[in-house]
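Could you walk me through this structure, with an eye to its open spaces and to how some of its helices are packed?

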Amino acid sequence: MTKLISSPGPSRFDDPEALSRLKKRHAAERRFRLYGQLAISFAILFLGLLIVSIGSQAVSAFSHHQVTFHLPLNEETVAPNGPGDPEAVEENISGFYQLVREDLARTFPEAGETPARTREVNALVTRLAVIPMARETSEHLDWLGETRRYRTALSDDLDLYLKGAVADEIEISLAEILRAEQIRAEDSDAPPRIRLTSADEFASLRDALARASALTADRGEAGGFSVLVQNGANLVRLLPPYDSQPLLFEPMTGTPANLAGGKPEARIILLPESARNVTDRQIAWTLALQEQGRIRSSLNWALLTNSDSTYPEIAGVLAAIVGSLFTMFVTAAIAIPIGICAALYLEEYAPKNRVTDLIEVNINNLAAVPSIVFGLLGAAVFLNFLALPRSAPLVGGLVLGLLTLPTVIIAARAALRTVPPSIRAAALGLGASKTQTVFHHVLPLAAPGILTGAIIGMARALGETAPLLLIGMVAFVAEVPGGPTDEATALPVLIYKWSTGAERAWEPNTAAAILVLLTFMVVMNAVAVFLRRRFERRW
Amino acid sequence: MPDTSSHSATTASIATATKVDCRNINVFYGDKQAIFDISMAIPGRSVTSFIGPSGCGKSTFLRCINRMNDTIENARVEGQVIIEGENVNTDAVDPVLLRSRVGMVFQKPNPFPKSIYDNVAYGPRIHGLARTREDMDAVVQNSLTRAGLWEEVKDRLGEPGTGLSGGQQQRLCIARAIAVSPEIILMDEPCSALDPIATAKIEELIDELRERFCIVIVTHSMQQAARVSQRTAFFHLGKLVEFGDTEQVFTNPTDDRTQDYITGRFG
Ligand SMILES: Nc1ncnc2c1ncn2[C@@H]1O[C@H](COP(=O)(O)OP(=O)(O)OP(=O)(O)O)[C@@H](O)[C@H]1O
Ligand SMILES: [Mg+2]
């Protein structure tokens, strides 16, 4: 203070003390900007990571492999009640699955050798995957008696294999195979063996085998990989030991003699058969089908148009989307009107006293209550006391409505507070009543803000899982719910359920469902931003 | 009950009859008293100005006349406000109806964020003053014309009122106030947010409106009070110090505080 008084006047531009102070101030500003930029970069980085990791996982779920079948629709198998009963056809899953199995048996006669092998080949297609084919046929009963072409999903594990998600592989093309001869063992029960004569004595294959051993060496087991040699739709598997002289093979599918000539290929699957869900033989059959042009990759619309299933290849999110929509509908019907009324009353009518202060504090507290507590409340009040239906969007919507209510009230009050008092004074001064003032002027001006808050609250409710688990919306629901009182599940709950699925194929499905949920949220938030931009007012 | 004619020695010099007769007004904000026992007879068809230092209670007293103090949470008004023989400061009188007779213009122009037309039409609409669309058009045109704004906005009645200049907005607010045909118009520092040219227009307008309305205006500008008003009231610390003909108050004040204020010694 004394310095200030005794100083001769304002600091001059060349005063060293002032210059150093100025330098410090600029440095502080630069530092602060840097912190800000760092913070934003971190946020963007994590967001990017999230989207990339989910997106890359989900990509494989958005396409899937389908097998083509030509099925003779004989009436006994397909329409046990005759052509007059389409419903029986639609529900005749075992009939259609039998046709599929017969087709597979025709294609791969070697699979009939043992019952175990028959089960192995049948696992190429899941039983429930024939549902769409049954449904389609039930709408075209005139097809009975014809042979029709169908496409149906390949089993999830083989689908993953074709997408390269099961194991690393080494693929090499081989020199021409000159001869393929069968060696009968002395003991005739033993499986047949094949000796192949290669133009280059399998030099390239032996190279690749050495590489594969090196790659799998750290796993300890000898022969921790399988080797398939393919020429067209004919496949054989290399028999251990892989360094024997000559190399011996066992037939997988097709005719071993046909391996000769053409362009043979070998693939080394760098994971032992025991460590994966698909056998070498199933891989061989799948590759043979692919060779015959009977497998193709297509967009997996089923993911959006099917409902939940125990089989990942035919599971979809439709029922969960509809369930979520019903839930959100109930939530909006509860939270928005009640929230707006409460906010209007508190902001415009209520006297400012202890009681309203208490209410205000409690609304803020309520907004911070963990969602699972609302779930417990919902289970106790709506299910046990009011005996509303379990697992229904009605109850889910009520619970989420209560959860969203404080958010809506707080957002609406904030929006109402931004309406300048001069507008209220203008209306009141003209002789408008309190209610006219509120409904003609204040509410319309606050509406965009209120809606923005409400939509953001709803978006949060859309992603809530815990309260829905507690009121039983986690039940397995394979049917699209027809109304808010039907059993249903919701998207986040489905994601939670899928993420706990044991099979590998649930992983991309989960990621895809997350993408669907995120899409909904992004759309809702975009609407909120749009409303804010469109109706924003400056005073 | 005090005799109305005894408030000021110079009341007789104005020929117009009393329009608003305020008697023994006390206003409290919570426990704090803002107006101390003020009585004042405001004449009709003339302009009365309130002057005084900031915080002396001019706005508070003005708001007693249309009971806008009712909208302030902790405000309490005691005393009688008699308009044309009827005490309006009682629960029996609906403030909503009162405010259609007593219009108000605020310090900051506050048009509704609606079209110019709707701004003016809002009052007549809620009071049911125009039956048909043509009636309403006539009311709007009439009000805008009297507010001296018609020529400037007649081609853009559909545009938002908030898009006008500050002076135009204030004239729009005046048009909005006169559209409900009030008897009294209260103006609380209507020019304090405007430039001199816009101020001059409003002052001109006030002078014209005096023909039909009883106008009460709060102002911080001594010149403005001298220019537009016939009667001037000087407030100090919640009390009415002096009330009389404008000319007399400015040239020959009876109270030293008035003298000090108008000569700029405090305030
Ligand atoms: N809403 C309110 N609550 C509490 N006290 C208030 C309120 N409004 C005004 N007051 C007080 O009442 C007194 C008179 O205020 P008022 O606004 O009437 O003064 P004013 O003469 O209009 O001042 P200005 O010239 O600055 O507009 C002041 O002391 C003020 O603090
Ligand atoms: Mg004031």
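What volume does the largest pocket have? The answer is about 910 Å³, and please keep in mind as we go that this is a predicted model. Lining that pocket are 36 residues, and those nearest its centre are Arg424(A), Leu428(A), Lys434(A), Thr71(B) and Ile72(B). Two or more lining residues come from each of several helices: in chain A these are H12 (318-349), H15 (393-417), H16 (421-429) and H17 (434-462), and in chain B they are H1 (58-65) and H2 (95-101). The biggest share belongs to H16(A), which gives five residues. If you sort the lining by class, you will find 16 nonpolar, 13 charged and seven polar residues.

To place the next pocket, it helps to know how chain A is divided. Domain 1 covers 63-154, domain 2 covers 167-276 and domain 3 covers 318-535. Taken over C-alpha atoms, the centres of domain 2 and domain 3 of chain A are separated by 61 Å.

Now turn to the second largest pocket, with a volume of about 540 Å³. Where does this second largest pocket lie? Its lining takes residues from both domain 1 and domain 3 of chain A, so the pocket lies between them. There are 18 residues in this lining, and Ile131(A), Arg135(A), Ser307(A), Ala478(A) and Glu479(A) are nearest the centre. H4 and H7 of chain A supply at least two residues each, and H7(A) gives the most, with three. By class, the lining of the second largest pocket has nine nonpolar, five charged and four polar residues.

Besides these open pockets, there is also enclosed space to look at. Rolling a probe the size of a water molecule over the atoms shows where empty space is left. The structure holds one cavity of 30 Å³ or more, and the volume of this largest cavity is about 110 Å³. It has 14 lining residues, of which Asp159(A), Lys163(A), Pro312(A), Glu313(A) and Asn509(A) are the closest to its centre. At least two lining residues come from each of H2 (16-62), E1, H8 (156-162) and H20 (506-535) of chain A. H8(A) gives the most here, with three residues. The lining of the largest cavity is made up of five nonpolar, five polar and four charged residues.

Let us now follow two helices of chain A, beginning with H5 (residues 93-107). With 15 residues at 1.5 Å a residue, H5 of chain A should span 21 Å, and this agrees with its end C-alpha atoms, which are 21 Å apart. Its buried residues are Ile93(A), Gly95(A), Phe96(A), Tyr97(A), Leu99(A), Val100(A), Asp103(A) and Leu104(A). What do the buried residues of H5(A) pack against? Their partners in chain A are the strands E1 (63-72) and E2 (147-153), along with the helices H3 (75-78), H4 (86-91), H6 (115-122) and H7 (131-138).

The other helix is H19 (residues 491-499) of chain A, which is mostly covered, with seven of its nine residues buried. These buried residues are Leu491(A), Pro492(A), Val493(A), Leu494(A), Ile495(A), Lys497(A) and Trp498(A). Among the elements of chain A that cover them are H11 (302-305), H12, H17, H18 (466-470) and H20. Two of these should look familiar: H12 and H17 of chain A also give residues to the lining of the largest pocket.

Definitions and conventions:
Residues numbered from 1 in each chain as written. Chains lettered and ligands numbered in written order. Predicted model: local features only at pLDDT ≥ 70, side-chain atom pairs only at ≥ 80, totals over all residues. Heavy atoms only, no water. Helix = DSSP H or I, 4+ residues; strand = E, 2+ residues; numbered from the N terminus. Expected span 1.5 Å × (residues − 1). Buried < 20%, exposed > 50% of the residue type's maximum accessible area, 1.4 Å probe, protein only. Contact = heavy atoms within 4.5 Å. 1 Å grid on protein atoms, 1.4 Å probe; cavity = no way out; pocket = protein on both sides within 12 Å on 5 of 7 lines; lining within 4 Å. Points joined across faces, edges and corners; volume = space filled by probe spheres on them. Nonpolar A, V, L, I, M, F, W, Y, C, P; charged D, E, K, R; others polar. Domains from an automatic or database assignment.
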